[in-house]
Amino acid sequence: MTRPFVLTRRRALQLGAVGPAVAASTALQAQPARAPLQIVGPWEIGGLAPANSGYVFTRMQITETLMEAGDDGTPLPGLAERWRVSADGLVWHFTLRSAARFHDGTPVTAAAVVRCLQAARVAPALLSLAPIRSLEADGSGVVVVRLASPHGGLPALLAHSSTMVLAPSSYGSGGEVKAVLGSGPYRVVSLAPPQQVEAAVFEGYDGARPAVERVRYLTVGRSETRALMAEGGQADLAYGLDPASLVRLRKRGRVRVDTVTLPRTAILKVNAGLPALKDRRVRQALSLCIDRAGIAKALLRDPELSATQLFPPTLKAWHDPTLPPLIHDPGSAARLLAEAGWRRAADGLRDASGRPLQLSLRTFPDRPELPVIASALQEQWRQAGIAVQVNVGNSGDIPLGHRDGSLQLGLAARNYCTVPDPTGTLMQDFTAAGGDWGAMGWRSDALVQALSELSRGTSSAERAAALRARVTAVLQAELPVIPVTWYRQQVAVSGRVTGVSLDPLERSYRLSAMRWSA
Amino acid sequence: MSGKRTAWAGILLRRAVQIVALGLLVGTVCFFMARSLPGDMATRIAAGRYGYDLVSNAAADAVRIELGLDRPLWLALLQWWGEIARLDLGTSLVTGNSVWSEVVHQLGATIDLAVASLAVAVVVGLPLGTWSGLHAGGCIDRLTLALAVVLRAVPPFLLAVLLMVLVAVRLGALPVAGDHHVGSVLLPALTLGLGLAAGLARVTRAAMREAAASPSFEFARTKGLSDRQALVRHGLRQAAAPVVAYLGVHAVFLVEGAVVVETLFAWPGIGHALVHAVFGRDVPMIQGAALCMGLLFVVFNLLVDAGCLALDPRRRRGEAA
């Protein structure tokens, strides 16, 4: 026998108290099993201009670039299904996919592509680095790029998100981007900068139809929150996890953690123009004092991230396993310093002719691990008799210090694959005059020549490999920048999805390859 | 009736002057603070636009020229004052969008959060405070005191993480963060509202005790009203004025708390936007966001004034309360 329900005052109060939570909870649980695939990450949507936030839309496969890239940076077809370059390397032809359509239903034409590329050429965008003389549409399906000098890195530049191709209707009358209408397998359903974008499958896409119908990206600034969202089942893919959260997630085992090594390295930019740092032995001693394995294990919780050379193994073409690795050897460091004239004084610090070996190091907290690594370095160098003052400011302090010559040491995390081919980044960092994030007061003609030849595009793969080997050998021996640790992207993956693979170049979430678990 | 109109006119005039003064003051202070932050402004803005991987001296120079950052300080300030006079908050240096359009979107989310937090504070704090005031020294009174001490002592950051872990992850009852679920507002509202509820409960208790001991309350019972009737008709009204005033004063707690809570819960409000703008050295956004937060505070106070006016007839007649 069931008792009749009587709404007493007490019961009404109870309902009132727990009602909102229960209602919200029920609503949460009542979400359809196929709610959008939720991605959370730290990257904000800073406007619609391709140079600002193009990467958000290319990663979501909403927009496409002319070129794509494999995991190792090899150029692959994108919106351009094929391409060819003239014998003199000055004229490139990119043939577009004939069936490609923008999300407003209009065909992707060469004229539309040219318009986007013209906008992407405005300095300081990366495409402005290419010696482009003209961009032309040859009919509706071929884009012709004429160069002033050969530039083998052009396909890599055309794979950068700032060159993403948008429909003409995306632009306002003043040329500003007012909507994101791309040509990828997903189209924007709702956009709420700086935090959210939701996309659904684009039925007019000329390639394979993705299995996941809807996807949503949410910017979540705090890594702890992202980890909790993954753990609580609210996020299917949570990017950018901090070491402490990773330990917890692995211990609890509710979600899988996938990892991929990134082409990013924590480097010490060294002002080799200073009397103390001009001597290669001092730079080598600074490097030998660094306990990279300790830093990687204790601070990054991942011993494999100890950098044995500048380029991590994920950059297969540039990582040279035959190079003698950078090691921790305080004894050798002491010997090199003594040879260079820096001997321990009574206070334990090294000095040469009464000049103490005192340096200042600038870093910034945009990447939270950098100030912590800087403190570890400070202590390791102190033990070797080198006094280092750490200044935590903002990321602009390092390029500024390079310009005005005030920088002594700078700790930064450098991405060598801003575009899939690191040559362009290296050209910026190691020119004869140095680079904002690279060499300072140091030059190597051999390195500049090798990079110039690589940049022009070489005749054979063997020659290119030999040039890359020369570059890595010079950097390892001379240490104009001192590698400290590599980076790994750590992503919490829910059991709801399969087919997840991580892009080491961080160009795409590879959503179209994902499926819902059965 | 004319007394009521005069009182209202006085309040509105006072608040209108406050809004203008606050706008100029907050905007100007933010302007100087943003400009005096260490580091190069153009580089910081370039980092906000392109990400620090692509920051270079060339990018900073391009930004400096585009935004005229080399102009004298006074000229830039005069320009901002001119824009404010035309009710134009300018354009975000990072996104290139109008500050109004960004702020309006974010302000809505912050108001949602503030209202939900106030609701939590009122729902939790008022009944506990009323009961404690009427049953001083009892179990619930002592328990409320202990809870109030704990809740006021726990920083919002810690409370937020505790709620996330316990309610969202362990129980799975509510979303951890974001704003696209029905119950998304509850955890950030609890984080902000519980601290406010703690103070509210104590203020309500004190006001209730005072009201219960007042001659008017005693007279109401003497003339034959039951305890409940005396409470509803006289006690609550008498105790309400200090409670409403407390809420007004502590509205600033909601506004400043929103900065932390919105960032933690990825709530797309103005506090989160302000933090982002400070990191990106986006001066117009900083000024716009701070201005709107200040205006929100003035509006809260206006509502409190209206509440006090409605509750206390002496104010309508211009007598001292």
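# Two chains in a predicted model: a dialogue

Student: Let's start small: which residue in β15(A) is the bridge partner of Asp351(A)?
Tutor: Keep in mind that this is a predicted model. Strand β14 of chain A, residues 350-352, is joined to β15(A) by 2 bridges, and the two run antiparallel. Across from Asp351(A), the bridge partner in β15(A) is Pro356(A).

Student: Which strands are at the edges of the sheet that holds β13, β14 and β15 of chain A?
Tutor: This open sheet has 3 strands, ordered β13-β14-β15 in chain A, with antiparallel pairing. An edge strand here pairs on one side only, and that description fits β13 (343-344) and β15 (355-356) of chain A.

Student: Moving to the sheet with the order β4-β5-β7-β6, which strands of chain A have one side left without a neighbour, and why?
Tutor: This is an open sheet of 4 antiparallel strands in chain A. From one strand to the next, the twist averages 15 degrees. A strand at the edge has a single partner strand, so one of its sides is left without a neighbour in the sheet, and the strands concerned are β4 (80-85) and β6 (132-138) of chain A.

Student: Where in β5(A) does Ala80(A) find its bridge partner?
Tutor: β4(A) and strand β5 of chain A, residues 91-96, run antiparallel and are joined by 5 bridges. Within that pairing, the partner of Ala80(A) in β5(A) is Leu96(A).

Student: Which helix of chain A lies across β5, β6 and β7?
Tutor: The helix in question runs at about 160 degrees to β6(A). Its residues are 110-120, and its name is α3 of chain A.

Student: How many residues lie between β8(A) and β9(A) in their hairpin?
Tutor: β8 (residues 186-192) and β9 (residues 196-201) of chain A pair in the antiparallel sense over 6 bridges. One of the pairs puts Leu191(A) with Val197(A) of β9(A). The two strands form a hairpin, and the residues between them number 3.

Student: And which residue of β10(A) stands opposite Gln196(A)?
Tutor: β9(A) also pairs with β10(A), in the antiparallel sense and over 5 bridges. Opposite Gln196(A), in β10(A), stands Leu218(A).

Student: Are α5(A) and α6(A) roughly parallel or roughly antiparallel, and why?
Tutor: The axes of α5(A) and helix α6 of chain A, residues 243-252, come within 10 Å and cross at roughly 15 degrees. Angles under 35 degrees count as roughly parallel. That crossing angle therefore makes the relation of α5(A) to α6(A) roughly parallel.

Student: How many charged residues are there in the contact of α5(A) with α6(A)?
Tutor: The crossing of these two helices is right-handed. α5(A) brings Ser223(A), Glu224(A), Ala227(A), Ala230(A) and Glu231(A), while α6(A) brings Ser245(A), Arg248(A), Leu249(A) and Arg252(A). Of the contact residues, 3 are nonpolar and 2 polar, and the number of charged ones is 4.

Student: Which element of chain A gives the largest share of the side that touches chain B?
Tutor: The contact takes 44 residues from chain A and 44 residues from chain B. On the side of chain A, α1 (9-29), α2 (50-59), β10 (214-219), α5 (223-231) and α12 (397-404) each supply at least two residues. By type, that side divides into 18 nonpolar, 17 polar and 9 charged residues. The largest share, 6 residues, comes from α1(A).

Student: Now chain B: how many strands are there in it?
Tutor: Its C-alpha atoms fill a box of roughly 85 × 55 × 30 Å along the principal axes. Chain B has 14 helices, and its number of strands is 0.

Student: What angle do α5(B) and α8(B) pack at?
Tutor: Helices α5 (residues 99-134) and α8 (residues 186-212) of chain B have their axes 6 Å apart. The crossing of α5(B) and α8(B) is right-handed, and the contact residues divide into 22 nonpolar, 8 polar and 3 charged. The packing angle is about 35 degrees.

Student: Last one: how far apart do the C-alpha centres of domain 1 and domain 2 of chain B lie?
Tutor: The domain assignment gives domain 1 as 1-94 + 281-321 and domain 2 as 99-279. In chain B, 22 residues of domain 1 are in contact with 20 residues of domain 2. The side of domain 1 of chain B that touches domain 2 has 14 nonpolar, 6 polar and 2 charged residues. The distance between the C-alpha centres of the two domains is 27 Å.

Note on methods
Residues numbered from 1 in each chain as written. Chains lettered and ligands numbered in written order. Predicted model: local features only at pLDDT ≥ 70, side-chain atom pairs only at ≥ 80, totals over all residues. Contact = placed C-beta atoms within 7 Å. Nonpolar A, V, L, I, M, F, W, Y, C, P; charged D, E, K, R; others polar. Pairing = 2+ DSSP bridges. Axes fitted to C-alpha atoms, helices over the stretch in contact; angles between N-to-C directions. Parallel < 35°, antiparallel > 145°, perpendicular 65-115°, else oblique. Left-handed = near helix turned anticlockwise from the far one by under 90°. Domains from an automatic or database assignment.
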